[in-house]
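Here are some notes on helix packing, cavities and one pocket, written as numbered points. Please read them with the structure open.

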Amino acid sequence: MASTFFVQKISANAPFLIGRGKDVDFPLKDASVSRHHAKIEFRDGHWIFTNLSQTSGTLFEGNSIQEKEIHHGDVFMLGLQQLRFALKQGELSLSHVRSIENVPAIPLTPGKPLLLHRGTNDDEPGTILHPACPKILAKATLAGKRLKLVFAHQIWHRTLYLENHGTLKLPWCLIEFRDGNLFLHQKDIGFSLVVKDISVELSHREILQDIRFSLPAGKILSIIGMSGQGKSTFLELLAGKVRKSKGSIHLDCIDHEEGDVRREIAYLPQEPLLRDSLTVMETLRLAARITLPKDYSEKETDARAHSLLQLLHIDALKDSRVGVLSGGERRRVAIASQLMGGPGLILLDEPLSGLDPLNAKRLCAHLKILASKGHTVILTTHSYEALQVSDEVLLIHQGQMGFYGTPKDAFRFFNAEDPEGILETLSDRTASNWTESGYGNAIEEPEATPIFFPKVPKKEMFFYFFSLLFKQWFRDRGKALSLILQPMIVGFLLSQIFSRTSSLWVAAFALVLCANWFALSLSVREIVQEKDLLLDEFRKGTSPYAVLCSKLLFTSFFAFLETTIAYSFFADNIEVYPSVFLCLILIATVLPASAAGLLLSSFAKNPGQANAFLPLIILPQIALSGALVSKDQMTPLAQILSNAVWTSFDQSALQSVFTGLEPTLFDIVLPTGIACIIYIMTVFALETMKKAK
């Protein structure tokens, strides 16, 4: 059963029945529970619990009972179901229901710690089956009447205590401590969702208005409605891509914008975010590196990837590049990638789009399996197959709620037999009809179960992203060829221009200009072409520092090589040969240019726009470098601006080398410092962009 359980208030006006029958107030679908198992009454100012079962019985603190006064925090066992009651200011609520079937008790002995760890054999005590759990999570020790948990990988080894009958939810399981025994609920990984009066306004237009509902963990919710009514916007809101204008969203009583919670959310948009030049397996390995612990071996990673590919029936495509796949195959690869880390909340925008009927049924069956394992799944759809596996349906029409309930109730409410029949009944009165029906007013509040997100070390990303950049660039033959041909063509042209009688001032300027052009042209599209994908990875915890640093050094390295190749064509003509100072100056030239290209790429909306804005960077470098007009001949404002561009220092340093003088250290260090400033600005910009707009 799901991890966070919704509160049901109990009225004092009539007896409250609990059992397996259809006529009870709180049904429990469990054969161990009698049809009329228990009754709760308010008598003489007290709440009384009465056992009605003659077979299964009811336990309180391990003892059978027939009748007992209810106090705040009391926990009862009805067959294999555990119920918890809250009594506050005279109001009673049933707040915690848990099936303990197939969850064996792990006895704890004082002084003998139990190691909680990741594994595949749940017969071994302390094994957690979730793939994203660290290999060594914590030590559990009996400390008097409490459970002591000492978590690994935390600063000073974070220690938490659980009282008797206490629970603690982790992203990978729920830990329960009861009467000296530890219980690991492996299916308790999903998040309950409570949406209250949510509205979204984009470009001064209200896209969503007053959306409110509650969804228990481990359930599937299908969102239906006509195109353009706000369904995708609602998923983007949950995924953190857009910001609400009013209302609240809580996942297990935590604001959905909290960073720790956001890392447990997987989001698949209509157009899958994938790197076309990578193979399917490389895509899943990258997803594993982002979402799985550092202690995951390559063998474990590949085994998990293969299992997901087999479930989605695309194992035969593991060595294929993503760019050659069909739309349906790309979608399934994207789903497998999102599932690598076993997220608690899975958001899918039209996941069945582009799939044939057979694969659509297979995917729906897999979503049902995910929900049975505790994952909470929300998808937009027009498919009858999706509704068949859904627990709840949300209809959004004209940005407002038109229905929320079970699929069966939806067909009854709209007097329809399929989704198309529901859509045919929609009108301007749909939202008001639902509001007037009164069914959508009540929201069940979940119990605030304590949640802890342990800090889990992840694998390094800098060298890994650097290697991915190599693959992306050199698998694109056109791009790889341009890296070689462009400096050779430029170098050949310069060799025909410069001779021993040429101005060294102009030759230095030409080399500085080449270095800037190569660096900017390599970096200006590097972020914008995969910005949405990068922002999604940053939301999941990938460090922007590592990714941007790898892109900065990669583009700078190849810009340096291209500049060196171009220079080699005319070095003999001007009789200026390579030296340590020359290398340092070229590095100091390409670094700020690459950083500036990445910054521009971060703000551009598409590659075309990035190219169009390129002159805004390169023209000031040319005009203010001091090569066309010496600084002492510039206006006072131009002199100030010249000190703000890196090429003026590069020009000065390179001119000194070309004329046989030793350049000042200032002219080499300052452009490098400018590169660092621009790099920090780019990181800050992307950190801001990854937040909801």
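1. An axis here is a line fitted to C-alpha atoms, for a helix over the stretch in contact, and the angle between two axes runs from 0 to 180 degrees between N-to-C directions. The model is predicted. Two packed helices are described by the angle between their axes and the distance between the axes. The first pair to look at is helix α11 (residues 462-474) and helix α15 (residues 544-574), whose axes come within 8 Å and cross at roughly 50°. Angles under 35 degrees count as roughly parallel and 65 to 115 as roughly perpendicular, with the values between them called oblique. α11 and α15 are therefore oblique to each other, and their crossing is right-handed.

2. Which residues make the contact of α11 with α15? From α11 come F462, F465, F466, L469, F470, W473 and F474. They meet A546, V547, C549, S550, K551, L553, F554 and F558 in α15. By class, this contact has 13 nonpolar residues, 1 polar and 1 charged.

3. One residue of α15 can be followed further: N573 is found in this helix. Leaving out residues up to four places away in sequence, N573 touches S495, F498, S499 and R500. N573 and S502 are 71 residues apart in sequence, and the distance between their C-alpha atoms is 8.9 Å.

4. The second pair is helix α13 (residues 504-523) with helix α19 (residues 646-658). Their axes come within 9 Å and cross at roughly 135°. Angles over 145 degrees count as roughly antiparallel, and 65 to 115 as roughly perpendicular. α13 and α19 are therefore oblique to each other. The crossing is right-handed. In α13 the contact residues are L504, W505, A507, A508, F509, L511, V512 and N516, and in α19 they are W646, T647, D650, Q651, L654, Q655 and F658. This contact divides into 10 nonpolar, 4 polar and 1 charged.

5. The third pair is helix α16 (residues 580-603) with helix α20 (residues 665-689). The axes come within 8 Å and cross at roughly 20°. Are these helices roughly parallel or oblique? Angles under 35 degrees count as roughly parallel, and α16 and α20 are therefore roughly parallel to each other. α16 passes α20 in a left-handed crossing.

6. The contact of α16 with α20 includes F581, L584, I585 and A588 among its residues in α16, and I668, P671, T672 and I674 among those in α20. Towards the other end of the lists are S602 and F603 in α16, and L686 and M689 in α20. The residues of this contact divide into 21 nonpolar, 3 polar and no charged.

7. How many cavities of 30 Å³ or more does the structure hold? There are 4. The largest cavity has about 230 Å³ of space. Its lining has 19 residues, of which L273, S337, Q338, L533 and E537 lie nearest its centre. Two or more lining residues come from each of β26 (265-268), α3 (280-291), α5 (327-339) and α14. The largest share, 5 residues, comes from α3. By class, the lining of the largest cavity has 11 nonpolar, 4 polar and 4 charged residues.

8. The second largest cavity has a volume of about 80 Å³. It is lined by A239, K241, R262, I265, A266, Y267, D536, R539 and K540. β26 and α14 are the elements that give two or more residues to this lining, and the largest share, 3 residues, comes from β26. By class, the second largest cavity is lined by 4 nonpolar, no polar and 5 charged residues.

9. The last point is a pocket. About 710 Å³ of space lies in the second largest pocket. It is lined by 30 residues, and those nearest its centre are L274, R275, Q529, E530 and L533. L533 is also among the residues nearest the centre of the largest cavity. α11 and α14 (531-539) each supply at least two residues of the pocket lining, and the largest share, 3 residues, comes from α14. The lining of the second largest pocket divides into 9 nonpolar, 4 polar and 17 charged residues.

Definitions and conventions:
Residues numbered from 1 in each chain as written. Predicted model: local features only at pLDDT ≥ 70, side-chain atom pairs only at ≥ 80, totals over all residues. Heavy atoms only, no water. Helix = DSSP H or I, 4+ residues; strand = E, 2+ residues; numbered from the N terminus. Left-handed = near helix turned anticlockwise from the far one by under 90°. Contact = heavy atoms within 4.5 Å. Nonpolar A, V, L, I, M, F, W, Y, C, P; charged D, E, K, R; others polar. 1 Å grid on protein atoms, 1.4 Å probe; cavity = no way out; pocket = protein on both sides within 12 Å on 5 of 7 lines; lining within 4 Å. Points joined across faces, edges and corners; volume = space filled by probe spheres on them.
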